[in-house]
Amino acid sequence: MRIVHRRPAPRRVAAGAGALGVLLLAAACSSSSASPTSGSSSSVINGAGSTFAAPMYQQWAGQYHQSVAKSVQINYQAIGSGGGISEFTQGVVDFGATDAPMTGTEKTAAQAGQGSVVLHIPMIIGAVALAYNEPGLTSVTLDGPTLANIYLGNVKKWNDPAIKKLNPGVKLPSDSIQPVERADSSGTSFAFTSYLKAISPAWASQVGASKAPAWPIGTGATGTSGVAAAVQQTKGAIGYVEYGYAVQGHLSVASLVNASGKTVAPSTASTNAASAAATYPTDLTDLTFSLVNSSDPAAYPIVTPTYVLIAQKQKDSAKGKNLTAWLKWDLATTQQNGVPKLGYAPLPSKLDQLSLAALNTVH
Amino acid sequence: MTSLASRRRRDRIMTGTMIAAVLIAVVPLALILADVVAKGIGQLSLSFFTQPEPFVATAPGGGFAAGIRGTIKMVALGTVVAVPIGVLAGVYLSEYHARGPLATLVRFFADVMTGIPSIFVGIFVFTVVVLSTGSFSAWAGGLALGILMLPLIVRTSEEALRLVPDDLREAALALGVRKWRTIVSVVLPTALPGIMTGALLAVARAAGETAPLLLTAFGNQLLVPWTSWNGPEASLTLEIFTNSRSPFPAQQARAWTGALVLVFGVLVFSIAARTVATRRSRRAR
Amino acid sequence: MTRLTADRLDAGTRPRRSADPLFRYGAAGCASVVLLLLGGMLIRTTWAAWPAFQHSGIGLVTGTTWNPAAGQFGGLPFIYGTLVTSAIALLIGVPVAVLIALFLSEVAPPRLGTGLGYVVDLLAAVPSVVYGLWGVFVLVPFLTPLWQWMSNNLGFIPLFSQFASGRNFATAGVILALMITPIISAICREVFMTVPTDEREAGLALGATRWEMIRLAVLPRSRSGVVAAVMLGFGRAVGETIAVAYLIGGFPKITPHLFQQGSTIAANIALQFNEAASQPLFKAALIALGVILFGITLLINIAARLIIRRGGTT
């Protein structure tokens with residue numbers, strides 16, 4: 001047998017590993033007994049929720065960090081409105097983001113979880129566009145009942161008579177329509193199904209409006225971006241996405257027939273028409289409202305605000321100050337004027353004032 | 001009895017079918033690697049490793065620095081947790097009461113645990129760590145990865161230790177060395193290449209995990225400091241996952257580049273593990 | 001000299017020093033960690049899932065409606081999706097894997113065999129998120145026309161009729177097949193290699209062709225090993241989360257049509273967990289499905305390992 005020279009014996013591997021383990025455990029325990037909120041410093045703020053608003057929040061977070069307060073870092077995870085409400089309720093994020101107002105049950109749970117009254121702060125308005133993938137079809141008009149029938153599975157092909165009637169003279173492809181929807185709990189779904197419920201008795205009775213409705217048919221994708229991606233990749237698909245995603249993803253969008261009978265395409269102007277014509281609540285603790293199916297003749301029918309959920313009484317006052325400062329910055333004129341570039345619409349000034357007033361009650 | 005010609009023909013057909021089967025496995029692998037390289041190489045640059053994602057989602061450039069750092073942190077934690085415990089467990093299985101009831105049970109269930117759905121480990125660590133600390137964290141993510149790595153390291157360490165010839169142990173004992181010292185100074189160093197193989201394979205596996213991290217580390221676009229472990233953490237796999245389900249070409253490009261980095265990293269570890277293993281077996285001859 | 005003698009040498013003749021038992025108990029403790037972890041995971045998660053078991057009872061596995069908002073937690077669509085995609089994966093993957101293993105152990109010259117085996121094993125190293133990414137951008141566009149053709153021309157078979165989407169049971173099954181083939185193939189290769197050369201040579205000496213020799217000498221002796229390999233592959237397929245989440249279509253439904261969208265237990269947990277986390281019953285229901293999934297994989301893995309042990313192969 002060959003004599004092989006061994007390396008010098010490693011020092012007490014077992015004892016060393018044990019000591020390391022004990023140290024790790026001690027470190028883990030000591031840091032978890034520190035601040036109960038996420039992040040280890042008041043200048044790291046965590047938020048989660050709406051994918052609808054994600055591009056705007058993430059851009060604002062980055063710009064704020066770069067040009068206003070270098071010490072403040074905001075991490076926003078787009079997991080859907082339902083996920084945002086849930087994580088906020090559990091206290092694992094500092095603010096939530098949702099396009100759909102919390103239900104009574106959710107509100108009770110959130111206020112219990114945060115130990116304080118929870119405010120909805122409207123931040124921006126956006127249009128829910130119907131993006132579709134039919135290369136030859138540069139524009140198409142749909143109306144509410146047809147849209148409901150598409151998602152109910154009654155209208156199956158692009159050249160269905162119902163669609164033909166709305167688009168006289170347009171050569172429609174014979175492909176099957178593949179509806180795409182949100183598989184996760186979504187405020188965008190809430191806005192979309194609220195519209196369908198308002199204009200289609202069949203939809204109202206069979207499915208109703210909800211963040212996570214029981215879809216009759218369709219492909220489920222995760223996040224607004226997931227829906228947009230699925231539409232982008234599937235010929236014949238149609239899906240509801242935040243308008244900015246359609247624009248920046250180079251997807252065609254359908255025009256809809258609104259409550260006044262006019263055909264309107266989603267745009268900042270048609271979104272503004274819906275938000276300008278609405279009446280707003282005055283209770284600062286419940287600034288929630290609907291913009292769906294507006295009666296204004298120039299309005300796009302599926303418009304929704306998006307809210308930030310914030311505890312009125314902040315657990316960590318330094319973090320709370322940073323958070324409210326950032327949110328107020330987002331509501332300032334310069335930032336609001338910049339939202340159309342991403343496909344959103346700014347808050348009308350009276351609504352902006354209400355949001356700022358609500359933020360002033362946060363302490 | 002069928003004719004020799006038809007039997008030979010069947011044999012040739014079956015050989016052809018076997019070759020076809022090999023192609024069915026190899027061709028997709030080649031395609032995946034080719035696609036990952038072709039679609040990912042465009043964005044590959046130093047800044048991909050040093051810069052986080054741009055805060056404007058549609059902007060090109062930027063990188064997955066947050067995810068790469070997070071993966072390194074959490075895989076390192078998983079390794080630090082799983083390797084000492086796993087190697088010592090392997091020592092027990094190989095050196096003490098190798099046929100005893102505890103050893104048999106542990107060996108059996110370690111094998112079984114290599115097949116746990118990783119999402120399940122994520123659920124467990126979520127209920128135990130995330131809920132009690134009140135936050136997603138790199139601790140939780142690293143712990144989940146460690147739990148996934150542990151069974152693999154236990155079994156590969158045991159195998160490596162068993163391969164150490166008894167002569168070495170007996171020589172040491174005959175010289176009056178205590179048993180634990182024998183293990184630490186003679187057996188473990190001899191088995192080190194085999195143990196390293198197991199550790200490298202476990203690292204490769206942990207680096208590729210996504211599902212458990214969804215529930216424990218949660219993800220983060222910001223570059224978290226190396227010293228900060230208490231908040232949400234990104235991982236390379238999570239960033240690929242999020243960016244791949246996007247309609248924006250810039251994000252899709254980053255996802256492919258991330259996939260290129262990940263696949264390359266995993267392959268490097270797997271090949272390193274294989275090289276260490278073959279070198280060990282050559283030395284033992 | 002056996003190792004038992006060496007132990008005895010060590011035991012009796014010197015005064016006891018504290019390090020030896022300490023080391024032994026430490027090692028035994030670490031070994032026990034494996035069992036404690038497994039037990040702990042089972043207990044903790046079952047406890048967290050208990051409210052759902054109480055609320056829905058057997059309906060968790062038999063109910064067909066999953067509507068958390070209405071308090072309905074029927075998990076059958078997810079169980080169905082999990083089993084169907086895994087079954088498709090096995091149907092495609094097992095023959096391919098066994099043929100590959102046979103090729104590598106019986107046909108290929110040794111150097112080519114090791115090299116190719118290495119390449120096939122690399123398939124197992126590809127992370128599932130990369131499989132998903134590639135699946136969505138490359139596989140789905142490739143398979144969609146094929147599925148549509150099958151739906152149009154072979155639609156008299158209900159399995160293939162009523163194509164709805166490129167993201168469906170079939171596509172998810174195909175990617176799973178790719179993912180489990182290396183595992184099944186690796187174990188089968190080991191199993192085939194343990195067949196004694198005498199048996200092979202006896203067959204060949206009697207004038208059998210290589211395929212006949214395989215059929216007569218190799219395969220019959222490997223049956224239990226192959227079964228174990230298949231079960232392990234099945235366990236892997238059942239637990240796969242991310243790649244399937246990309247490709248299954250995200251729509252919980254029980255349908256015989258393979259070209260329609262579905263969902264699986266693991267994919268659904270990944271999808272809905274964040275939202276469920278603050279709703280106790282919803283969270284419990286998801287964890288309950290996770291426990292059921294874990295139970296299924298545990299049973300499959302235990303059975304497979306027992307078969308391997310009994311068959312005498314490792």
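What distance separates the centres of domain 1 of chain A and domain 2 of chain A, taken over C-alpha atoms? The legends below address this and other views of a predicted model, in which local features need pLDDT of at least 70, side-chain atom pairs count only at pLDDT 80 or more, and totals for chains, interfaces and linings use all residues. Residues are numbered from 1 along each chain as its sequence is written, while chains are lettered from A and ligands numbered from 1 in the order in which they are written.

**View 1. The two domains of chain A.** The centres of domain 1 and domain 2 of chain A, taken over C-alpha atoms, are separated by 28 Å. Domain 1 of chain A covers 11–16 + 128–274 and domain 2 covers 20–124 + 307–359, with bounds that come from an automatic or database domain assignment. To their contact (C-beta atoms, placed from the backbone, within 7 Å), domain 1 of chain A gives 20 residues and domain 2 of chain A gives 18 residues.

**View 2. Helix α3 of chain B.** Helix α3 (residues 65–95) of chain B, a DSSP run of H or I of at least four residues, numbered from the N terminus, spans 43 Å from its first C-alpha to its last, close to the 45 Å expected at 1.5 Å a residue, the expected span being 1.5 Å times one less than the number of residues. Just after α3(B), H97(B) adopts a positive phi of about 45°.

**View 3. The side of chain B that touches chain C.** In this interface, 74 residues of chain B are in contact with 72 residues of chain C. Helix α1 (residues 4–40) of chain B supplies the largest share of the chain B side, 19 residues.

Conventions
Helix = DSSP H or I, 4+ residues; strand = E, 2+ residues; numbered from the N terminus. Contact = placed C-beta atoms within 7 Å.
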